[in-house]
Structure formats: C-alpha cells, structure tokens
Amino acid sequence: MPRVFIPATGAKTVPTVRSAVYDVAETFLKGAVLGTNADGEVIELTTGAGVVDVVGVALEDVASKPGWNAANDDKIVWRTGVVREVSIVDLIEDPNQIFSGRLTTAAGVDVAPTQSHILESRGLLLLASGEWTVNDDNVTNDAVQIVDIVVRDSVAGSYVLFKFLASVIAASANIS
Amino acid sequence: MNTQASLNLLFRAGLRKNFRDTWNEYDPEYPEYLKVDNTDEPEIRATIITSISRLMERGDGEPVIYDDIIQGPQVIGVDKEFAGGIIITRRTLEDDKYGKANQSAKHLAHAGRMTYEYRAASILDDAFTGAFFRGIDNLPLISVLHTNLNSPALNPNRPAADVSLSVTGITALLDLAQRVTDHNGDPIRMSPDKLIVSNNAADVNTALAIWNSALEPFTPNNTDNVIRRRIPNPTIVISHYKDLTSRSYFLQDSRYNDAFLSVKRALEFDDTFDFDTQAAKAQSTTRFLIMFVDYRGWWGADPT
C-alpha cells in the first residue's frame with residue numbers, strides 16, 4: 001500500500017482536525033490536498049499550475065464514514081444521520097502541521113531522499129491513482145518545504161517530512 | 001474560557017445566596033414517544049420482510065403454486081456525537097466565594113439532558129417533511145403517500161386535509177388507524193394509546209376536554225363522546241421541546257411504534273486541569289442515534 005500524506009510530528013500529538021462537507025462530485029482519497037468551492041465545500045486541488053488556497057489534507061476517503069459503502073449499499077433508500085463529510089487536517093488553523101509523504105519524480109517514480117533535500121521546497125504531484133506525492137522534479141510551483149527525511153532500506157519505503165508553504169495556504173476559508 | 005473578570009461578581013461578599021441557577025426540569029419526555037435502547041453498532045441497518053398474502057385456489061390434481069418471500073429495501077442510520085465543555089481559570093475558581101464557578105458538571109449534565117430532548121423532538125418537527133428522518137418507503141414519518149411493500153394500495157397516516165386538534169381531527173386520525181394494513185395490504189389491528197401535542201394551551205386544553213367529557217365536547221348536544229369509546233384513556237404527552245409554533249399532533253400505538261433512540265455512548269463527564277495553565281477543564285460527550293424504519297403505529301396532522 002503506498003504511503004499517502006499523513007500528519008506526522010508536530011508540537012501537538014493530535015493534529016487540528018475539522019469535519020468538512022465535500023462537494024458531491026468528489027472522489028478523492030485519504031491524503032488528498034484540499035481547497036474549497038464557492039459553497040464552502042472541500043474539493044481536491046489539482047497540480048497543473050501548482051496548488052493554491054489549500055485548506056487542509058484529507059484524513060479519509062470520501063464516502064468512507066459509517067453509513068457509506070454498507071453491505072448491499074444499492075438497496076439503501078434513506079440514510080439517517082449519515083453525513084457527506086470528511087475529517088481534514090485544518091491548515092488554516094494550524095499551518096505548521098508537519099506531514100509525511102513519498103518523494104517522487106514527475107512520473108511518480110520514488111526518489112531516495114537525501115540530506116540535501118532538507119529545507120528544500122518542492123511542488124506536489126497528483127498521481128492517476130489519486131495518491132499525492134512530493135514532486136522532486138517540480139521546483140517551479142513550490143508548495144511544501146521538506147523539513148526532514150526518513151531513509152529506509154528501500155527507496156519505496158523512504159519518505160520525507162514536510163510542511164506546507166504559507167504562500168499556498170488559504171488566508172481564510174468558509175468551510176461548510 | 002472564563003477568566004476572573006467574567007465572573008467577578010462572585011469574588012465579592014454580599015451576594016444573595018440564591019443564584020437562580022437550578023431548576024426543576026420536566027421528567028424525560030423522549031422515552032414517551034421513542035423506544036430507547038443501547039447499541040454497540042457503528043451503524044444500524046434495517047429492512048422489512050413479507051410473503052404471500054393468501055393461499056390460491058387449487059384444482060384437482062394441480063400442483064401447489066409457490067411464491068417468494070419478499071424483502072424490502074434498506075435504511076441505515078448512524079449516530080451523532082455531541083460534546084461540550086467549560087474552561088475556568090484556576091484563579092477564578094479560587095476567588096469564587098460562593099462555589100458557583102465550580103459547577104461545570106451541573107451545567108453540562110443539563111446541556112446533555114436538553115440535547116437528548118431537543119434532538120428527539122426534532123423527529124416530531126420533521127415528521128411531515130422528512131428532511132432528516134425518513135423510513136423504509138423513503139417518505140416522512142407522517143405522509144398521505146405511504147406505500148406497502150407488496151400491495152399497490154396507499155397506506156396514509158395523515159389525513160388528506162389537516163384539521164387542528166379537535167373531535168374532527170382526532171376522528172380523522174382514528175379513521176386512518178382503523179384502516180392500516182400490513183405490507184401485503186391486509187388489515188392489521190392498531191390501538192392508538194398515546195396523544196402527542198405541542199406545549200400550547202389550546203391543544204392541551206382541547207385534549208383534556210375531549211378525554212374528560214363523557215359527552216361530545218364543544219357542542220350543545222348530549223351526543224355520546226365517541227372518541228372515548230374508540231380510545232378510552234390515552235397517555236397525553238405534552239412535548240415541551242418540539243417547535244412551539246407548530247400545532248401538529250400525533251397519535252401513536254406504542255406497541256408498533258418503530259421510532260427509536262439508540263444510545264451508543266451514554267452521557268459521559270470528564271474533568272481535568274490543564275497542565276500548563278492549571279485551568280479547570282470539564283467536558284461532556286454522548287453519542288446517540290434517532291431514526292425510524294416503519295411508519296405504522298404513527299398518525300399525525302399538521303394544521304400549520
């Protein structure tokens with residue numbers, strides 16, 4: 001199972017989390033980098049021109065809370081108390097939250113993190129699988145700063161610790 | 001967070017001892033119209049089942065005609081979590097001369113009680129629109145369009161025209177109760193035994209008049225009070241927590257009532273002191289689910 005963006009070390013043991021309504025068309029997975037639409041619902045950002053106005057990182061897939069994807073889901077005619085929400089790490093509230101994630105090339109191939117990566121800034125990459133990685137090839141649309149590395153026996157098992165640049169975090173957000 | 005200035009009246013002598021902060025609450029009302037139980041499940045799913053309604057006429061030598069058991073659709077319910085807390089600085093607690101700042105448990109217990117009551121009453125407020133609560137036929141609790149799983153006939157539990165609480169209004173609901181059918185459209189016996197009304201004087205007084213008069217109330221005639229013959233001694237539940245501007249009212253057969261409140265985590269209280277600031281922190285949390293599956297056992301009108 002690939003490593004997705006997950007909250008890592010920080011001053012607190014528990015990241016600042018809020019539950020946010022997602023746009024009904026969303027299909028994002030845990031670790032997705034999120035912004036908001038005009039209705040204040042969270043949406044997955046794209047990496048084409050670099051991420052901007054980031055509000056948080058998804059802690060779970062869409063439609064994965066209790067009440068969704070139940071057995072014989074197609075037979076369900078009504079869901080009581082079921083919410084169209086995901087818990088997200090709130091970057092507006094806590095912009096210094098540190099995450100861990102894979103370091104890859106622009107093609108999604110794992111890159112061995114080295115000490116020279118520390119304090120470097122990079123852009124992000126959204127793979128076709130829905131997984132987000134830190135794009136070692138993207139030094140144009142910087143979105144995160146690598147603050148530490150974790151090197152393991154295999155390149156695929158290694159990862160970087162990073163935090164989002166203040167410049168890509170939304171100044172404020174009216175999250176539903 | 002309460003700091004000193006926010007409760008500074010409590011720091012000075014001479015205040016009257018009665019702070020008007022403790023009240024006699026009504027007994028819990030939601031168990032009167034919701035079945036209350038406990039659950040360990042993260043979600044509750046339900047369906048309905050029926051089968052053949054009648055045996056078929058069989059000619060000499062003919063084989064038996066076999067038919068299937070019929071399964072309904074599915075509804076699912078997920079509990080909601082409720083939480084609240086109070087933080088008071090240590091100095092505020094120490095300077096309070098009346099012991100009033102240090103009563104977070106009392107305030108949070110009250111908040112928990114009210115959460116149960118108001119959330120439970122929301123099923124009454126939503127009974128005619130179904131924005132939050134719908135049953136196995138994907139309709140509100142009270143509807144003129146209720147369907148049967150294995151019969152094309154409608155099974156309304158709301159009169160075609162809503163009449164305010166009165167002899168006529170109750171009669172209309174009792175007439176509907178008399179015609180309730182099961183999933184096959186076969187008649188079933190319903191015995192409404194509960195009347196649920198809002199806390200407004202007109203409806204409460206009307207209910208009392210109807211069931212305390214041997215003769216038909218509100219008329220100059222000595223006509224027998226037929227309602228008392230049909231439903232002699234119902235429990236009258238006055239909901240103090242449903243929308244007070246609503247004049248909706250309900251009859252319920254408590255045996256067949258399928259609306260329930262499942263407690264996932266009973267009201268829980270915790271307190272601690274913040275290590276860095278030494279402020280006193282108190283919190284209360286609970287998880288429960290309110291839903292209904294089958295509409296049978298309820299009748300209602302919403303004249304507003």
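# Exercises on a predicted two-chain model

In chain B, 4 strands make up an open sheet with mixed pairing, in the order E10-E9-E11-E14. Strands here are DSSP runs of E with at least two residues, helices are runs of H or I with at least four, and both are numbered from the N terminus. Two strands pair if DSSP finds at least two bridges between them.

This is a predicted model, in which local features need pLDDT of at least 70, side-chain atom pairs count only at pLDDT 80 or more, and totals for chains, interfaces and linings use all residues. Residues are numbered from 1 along each chain as its sequence is written, and chains are lettered from A and ligands numbered from 1 in the order in which they are written.

## Exercise 1. The sheet of chain B

Identify the edge strands of this sheet and describe how E9 and E11 of chain B are joined.

Step 1. Strand E10 (235–239) and strand E14 (298–301) of chain B are the edges, since each pairs on one side only.

Step 2. From one strand to the next, the twist averages 20 degrees; such angles run from 0 to 180 degrees between N-to-C directions, with axes fitted to C-alpha atoms, for helices over the stretch in contact.

Step 3. Strand E9 (residues 194–198) and strand E11 (residues 249–252) of chain B run antiparallel and are joined by 4 bridges. Within this pairing, Val197(B) stands opposite Tyr249(B).

## Exercise 2. Helix H4 of chain B

Determine where H4(B) lies, and test its length against the expected span.

Step 1. Helix H4 (residues 167–178) lies across E11 and E14 of chain B, at about 150 degrees to E14(B).

Step 2. The expected span is 1.5 Å times one less than the number of residues. For the 12 residues of H4(B) this rule gives 16 Å, which agrees with the 16 Å between its end C-alpha atoms.

Step 3. The buried residues of H4(B) are Val167(B), Gly169(B), Ile170(B), Leu173(B), Leu176(B) and Ala177(B). A residue is buried if 20 or more other C-beta atoms, placed from the backbone, lie within 10 Å of its own, exposed if 12 or fewer do, and partly exposed in between.

Step 4. Their cover includes helix H5 (201–211), helix H6 (226–230), E11 and E14 of chain B.

## Exercise 3. Where the chains meet

Which strand of chain B gives the most to the side that touches chain A?

Step 1. The contact takes 16 residues from chain B and 12 residues from chain A, two residues being in contact if their C-beta atoms, placed from the backbone, lie within 7 Å.

Step 2. Strand E5 (74–77) and strand E13 (280–292) of chain B each supply at least two residues of that side. E5(B) gives the most, with 4 residues.

Step 3. Strand E6 (residues 76–80) of chain A runs parallel to E5(B), and 4 bridges join them. Here Trp78(A) has Val75(B) as its bridge partner.

## Exercise 4. Ile43 of chain A

Is Ile43(A) partly exposed or buried?

Step 1. Ile43(A) is in strand E4 (residues 42–44) of chain A.

Step 2. Ile43(A) has 17 other C-beta atoms within 10 Å, so this residue is partly exposed.

Step 3. Beyond its neighbours within four places in sequence, Ile43(A) is in contact with residues including Asp23(A) and Leu34(A). Asp23(A) is 20 residues away along the chain, yet the two C-alpha atoms are separated by 6.1 Å.
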